[in-house]
Every structure is written in C-alpha cells, then in structure tokens.
Amino acid sequence: MNAQQVIADLRELAALTSTADGAQRLAWGPVWRQAREWFAAKIGALGLRIETDSAGNNWVTLPGASTKTVIVGSHLDSVPNGGWLDGCLGVMAGLEAMRMHASAKPPVTLKLVDWADEEGARFGRSSLGSSAAAGSLKVDDVRELKDRQGTRLADALAENGVALDRMTNAHDELKKIDARAYLELHIEQGPVLESMNKSTGVVLGTFGVERNMLRFTGQAAHSGSTPIPMRRDAFLAAAQTALACREIARAHSKPGAGVVCTVGVVNVEPKIVTAVPGVCEISLDQRALDAGELAAMLREAREASERCARENNVQVEWRELWRINPRPFDPALLRLCEEAVREETGEAPRLPSGPLHDAAEMAPHMPAVMMFAYSSNGLSHCKEEDTPGPHLEKTIRAYLRLVNKTVAHVNAQR
Ligand SMILES: [Zn+2]
C-alpha cells in the first residue's frame, strides 16, 4: 500500500495536463485524450490493458479466482481550469489498488473504471458515461447538445470513437459484470471535513435534487405613481419565497443530516429602475439525503410560494427543470468504509454528498459507497483545489484499506 506513489502519479498527471490556470482535461478534447494515453501507459506497465465500453468509459480488469467483482474508480476528465484532485484522485487510488493486487491472483476480480465526461463541463450533461452504463441516459435528451463553439456532442463523441446511438449498449456491458461493490474516492469539494478538522469522511449517499423554475406574474407599473398597497410586485413575491425556502431548509436540517436549497437565478421584467417588476422568475434547487424530507421540503416550498404570491397579489407557476432521487449507499459497505477510516484516522465522520458523482449512477445497480478527502477552504473546480499532504496520505491509505476489506467481504459471499 503506497499512498506516496498515488500522490506522485497525481503530480505527474497535473504537470502533464495543467496550465498555470489549473487542470485542462476537458472531456472528449485533446488534453483529456493525452491524460488517458498517459494512464494507459501506467496500466501497461502493470501488464494490464484498457478496454473501452460503448459509452467511452475505460475499464481495466485484474482477473481473480472468482468472477465476483469489486469495481474501483472515478473520472480523469476535469472542468476547464480545474483542480488536481477532482476525479483523478479516485482513478489514481484505484490504480494503486490494482498494483497492490497485481502480483498475486486476487480472490475476486478487480475492475478499475475511468468514467467518460463526468463533469459535463463542455456539453452541460454531467455523468454522461456512467449514466449510459447505468441505463439512465436517454439519448434523445442529449442528441441536440452543442458546446460553445457549436460542435455537436455526437461529433465530439465520434472523434473519440463513440457512437451516440450505441452509447446505451454500455448498460448491457455493465450488466455482464458480476459486480458486488463499487468504491469511489473523491475530494469532498465542500468545507464540512475541514470545519471538523478531519482527514477523511464516510459518505452516506448522494443528495436527491428537486430543481424548479418559479414564475411570478404581477403587473409592471410606474415606480413613482403606484402606491405600495396597490402594487402587484412579482419580485417581492419571489424574494419572500426565497427567504421562506431558506427557513424551510433550516427547519428540515438535523445535526448530521443537513439539507440545502439555493435560489441561483433571478430574472426580472421589465428590468427598468423606474418600473415595478411585473414578472419575476427564480430557480429553486432543493437537496436532501432523505426522500421523505425532500418531498416535504418541496411541498412546503410550493405552499410558501403560493402564500407569498397571494400576499403580493400576483400569480405563481412552477416548472420542473430536473429531479433525481436520493441515492443512499449500501449499509454493509458503509460499515466497512467506517472501519477503514477509523483504523487509519482514529474516527469516522459521516456526511452526505451534495454534488452528484458517478457512484450515484452505480448505486441502483450494485452496492456502492464513497469516501471523501478533506478539501482546503472547501474549494473545488478551481486551481486552488487541494488536500494537504498528511490528510491526503491518510485518506488514500483508508481507501486502500476499504478496497482490501471489500475484497475479503465479497470473497466471503456466495
Ligand atoms: Zn469529480
């Protein structure tokens, strides 16, 4: 178990694929391909080879005495000007897990996966490769996607040997694997572990998301001549709703089970300093790990928006943008993860994941769990992203312990 090797590999990859502004491994582009070539050479040095599935995900297999399979991995792609750990930490730790087991035939089969286009930074669709493998991707939903240069997703995929209409074959390919566990190490990308001064966290699952646009419609009017009681101010109704939603999230947060909500978009019409806003549209993104809490938050937000609309004499309409159910991780793997983290760091803080990850796509299909590394200043998707050396080393060791525990756990299964 060599955590230093993992860190050295990460540094090497960063040197090869970053500029002064950060990592540039944008999916389906030349730097990403270069990262994958570099990675294939590392795999080749182990006497193993890469196989690419129909969705462009790269797989490495270390056959064991049994076909029962433990999958490790994450993604090599990054956002533009990204960090040195997001995604590739999980792939490099997975590589070390393969190295650890490559010298003697392991009791169960190990697979390392590098998911294609987790970030969705170029075409706006996250977890593209893993959702194709999971069977949750609807090709028609992404068929028309273009990047900022106007390149179609289908053409970018074709440049990389992936046919858009055959991507979902990756699901049948995944089903052929006798998968018993999926283990993903990732940087937290948030401030929770840092606030507790803990190196490593056990991830309980990924948040469910309810994402909606709320459109408030009142009446635009002159800002000088319209008395306040006679206004139909759509912005004020939206603003009151946003504040009410924050209170709803506070009321549903319990210690160790926080929930979040965000109003990230506000559009006002007619957007004139001398006009009462006649229309206001806001986005509302609500997230929770517990499906019941999330449903209650959504219901209460709807009620609050209707109350705020009434109080301002305006109308409100809701439009769903996107939703996903919470994906709680496997209880048996959570126990192993907790043991591994406790043995390495002396304690095992548990936290949910606010961001989605490839593991969320795997969770409906096989037992899955994630482990998080401390994230300096909670920053990610930027060049400042970091996990200080001692925290990083402990976390990698904890993850490799988890791999070994899981191999033994799966080996003991029928
Ligand atoms: Zn990531």
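## Asparagines, a helix and two domains

Asn 197 is exposed, because 9 other C-beta atoms lie within 10 Å of its own. The scale behind that word counts other C-beta atoms within 10 Å, with C-beta atoms placed from the backbone: 20 or more make a residue buried, 12 or fewer make it exposed, and values in between make it partly exposed.

The model is predicted, and local features need pLDDT of at least 70, side-chain atom pairs count only at pLDDT 80 or more, and totals for chains, interfaces and linings use all residues. Residues are numbered from 1 along each chain as its sequence is written.

**Backbone features**

Asn 197 has a positive phi, near 55°, although it is not glycine. Asn 377 also has a positive phi, near 55°. The table sets out both residues; helices (H or I, at least four residues) and strands (E, at least two) are DSSP runs numbered from the N terminus.

| Residue | Phi | Loop between | C-beta neighbours within 10 Å |
|---|---|---|---|
| Asn 197 | near 55° | helix H8 (192-196) and strand E8 (200-206) | 9 atoms, exposed |
| Asn 377 | near 55° | strand E18 (368-373) and helix H13 (389-411) | 11 atoms, exposed |

Elsewhere, a cis peptide bond joins Glu 269 and Pro 270, with omega about 5°. Pro 270 sits in the loop between strand E12 (266-269) and strand E13 (275-276).

**Helix H1**

Helix H1 covers residues 3-17, and the end C-alpha atoms of its 15 residues are 21 Å apart, in agreement with the expected 21 Å. That expected span is 1.5 Å times one less than the number of residues. Its buried residues are Ala 3, Val 6, Ile 7, Leu 13 and Thr 17. They line one face of the helix, because they fall within an arc of 125° when H1 is seen down its axis. The arc is that of the directions from the helix axis to the C-beta atoms. On the face turned away from the buried side, H1 carries the exposed residues Gln 4, Ala 8, Arg 11 and Ala 15. The buried residues pack against strand E1 (18-19), strand E2 (22-23), helix H2 (30-45), helix H3 (88-102) and H13. Two residues are in contact if their C-beta atoms, placed from the backbone, lie within 7 Å.

**Two domains**

The protein is divided into domain 1 (3-206 + 326-411) and domain 2 (208-324), with bounds from an automatic or database domain assignment. Their C-alpha centres lie 36 Å apart. In contact are 7 residues of domain 1 and 9 residues of domain 2. On the side of domain 1 that touches domain 2, E8 and strand E17 (350-353) each supply at least two residues.
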